[in-house]
Amino acid sequence: MASKKSKPTRDTIVSMYMNYRLENNEKPKSVYQFAKTNGFDETEFYSFFGNLESAEKEVFKIFLEKTVELIQKDTNYETYDMKSKMLSFYFTFFEILSANRSYVVLSLKEESNQLKNLMQLSSLRSNFKKYISEIISDEIRIKNEKFQDFQKKAIQETAWIQLLITMKFWLNDESPAFEKTDIYIEKSVSLSFELMNTAPLDSLIDFGKFIFKEKIQTL
């Protein structure tokens, strides 16, 4: 008797999608073709995703989920201040990116229109901003006595822009084991917290806008 075929999960479908992209150097033409190639029913795909673009966006969201899962396994994590949590996040996240570098480079450098490349990061963006809101420390709130919702959003947006710029640096890093990216992370995270502790929030917002204008267009 033939063994019962196991149903694909969200993670296995995303893994299949990544493998398809890498092995064929192109996106699947349709959900039907993708499902047939990987030996499962089209309806099983739709139980998790509405279309192929949704599966594509899930890749980077899963990278973030795995990152948070790993760093929270550290028994000392909850005692870290915000800066230490950010460093832990960055180093772990970029280890995961490095383990999947071929896919990340292919997907983020595929389109000449950079905005199209960034669209697949929309789920990463929303979940990263949620993570940032969760780790904003009481220390930061105390230093800004009138800490309000718009200030939280400013920190989230600045952190998101910084993450994108770091990804840009990593994409172009040709050093062994991407050691230059590690140095960049250390310096940029330290600088961002120095600014947060000394600069008025309006200045931080202006700084974030400047970085976005000057740098993110070249991602």
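In the predicted model, a salt bridge joins the side chains of Arg10 and Glu65, with a nitrogen-to-oxygen distance of 2.8 Å. Because Arg10 belongs to helix H1 and Glu65 to helix H4, this pair ties together parts of the chain that are 55 residues apart in sequence. Glu65 is partly exposed, its relative accessibility being 28%. Arg10 is likewise assigned to the partly exposed class, at a relative accessible area of 22%.

Arg10 also takes part in a salt bridge with Glu58, again at 2.8 Å from N to O. This contact links distant parts of the chain, since Arg10 is placed in helix H1 (residues 10-24) and Glu58 in helix H4 (residues 52-71), with their positions 48 residues apart. Glu58 has a relative accessibility of 9% and therefore counts as buried, the limit for that class being under 20% relative accessible area.

A further salt bridge is formed by the side chains of Asp11 and Lys66, at 3.6 Å from N to O. Here too distant parts of the chain are linked, with Asp11 in helix H1, Lys66 in helix H4 and a spacing of 55 residues. Both partners are partly exposed: Asp11 has a relative accessibility of 30%, and Lys66 has one of 35%. Through salt bridges with shared partners, Arg10, Asp11, Glu58, Lys61, Glu65 and Lys66 are joined into one network. The total count of salt bridges in the model is 10.

The overall architecture was examined next. The protein chain contains 12 helices and zero strands. Of its 219 residues, 42% are classed as buried. Among the contacts with a separation of 6 or more, 70% are made by residues 24 or more positions apart. The accessible surface of the chain amounts to about 12600 Å², and carbon and sulfur atoms contribute 52% of this area.

Individual helices provide examples of covered and partly exposed positions. Helix H6, spanning residues 101-108, is mostly covered, with six of its eight residues buried. These buried residues are Arg101, Tyr103, Val104, Leu106, Ser107 and Leu108. In helix H10 (residues 149-171) lies Thr166, which is buried at a relative accessibility of 0%. When residues up to four places away in sequence are not counted, Thr166 touches Tyr90, Phe94, Tyr184, Ile185 and Ser188. Gln33, by comparison, is located in helix H2 (residues 31-37) and is partly exposed at 24% relative accessibility. With its neighbours within four places in sequence left aside, Gln33 is in contact with Tyr20 and Pro28.

On the surface of the model, Glu95, Glu179, Asp182 and Glu186 form a negative patch. The element that gives the most to this patch is helix H11 (residues 179-198), with three residues. Asp182 is a residue of helix H11 and is partly exposed, with a relative accessible area of 35%. This value satisfies the requirement for patch membership, because residues in a patch must have over 30% relative accessible area.

Terms used
Residues are numbered from 1 along each chain as its sequence is written. This is a predicted model: local features need pLDDT of at least 70, side-chain atom pairs count only at pLDDT 80 or more; totals for chains, interfaces and linings use all residues. Side-chain values use heavy atoms; hydrogens and water are left out. Buried means under 20% relative accessible area, exposed over 50%, partly exposed in between (1.4 Å probe, protein chains only). Helices (H or I, at least four residues) and strands (E, at least two) are DSSP runs, numbered from the N terminus. Patches are made of residues with over 30% relative accessible area and no salt bridge: like charges are joined within 9 Å, nonpolar side chains (Val, Leu, Ile, Met, Phe, Trp, Tyr) within 5 Å. Accessible areas come from the Shrake-Rupley method with a 1.4 Å probe; for residues, only the protein chains shown count as cover. A salt bridge is a side-chain nitrogen of Lys or Arg within 4 Å of a carboxyl oxygen of Asp or Glu. Lys and Arg count as positive and Asp and Glu as negative; His and the chain ends are not counted. The place of a charge is taken as NZ of Lys, CZ of Arg, CG of Asp or CD of Glu. Contact means heavy atoms within 4.5 Å.
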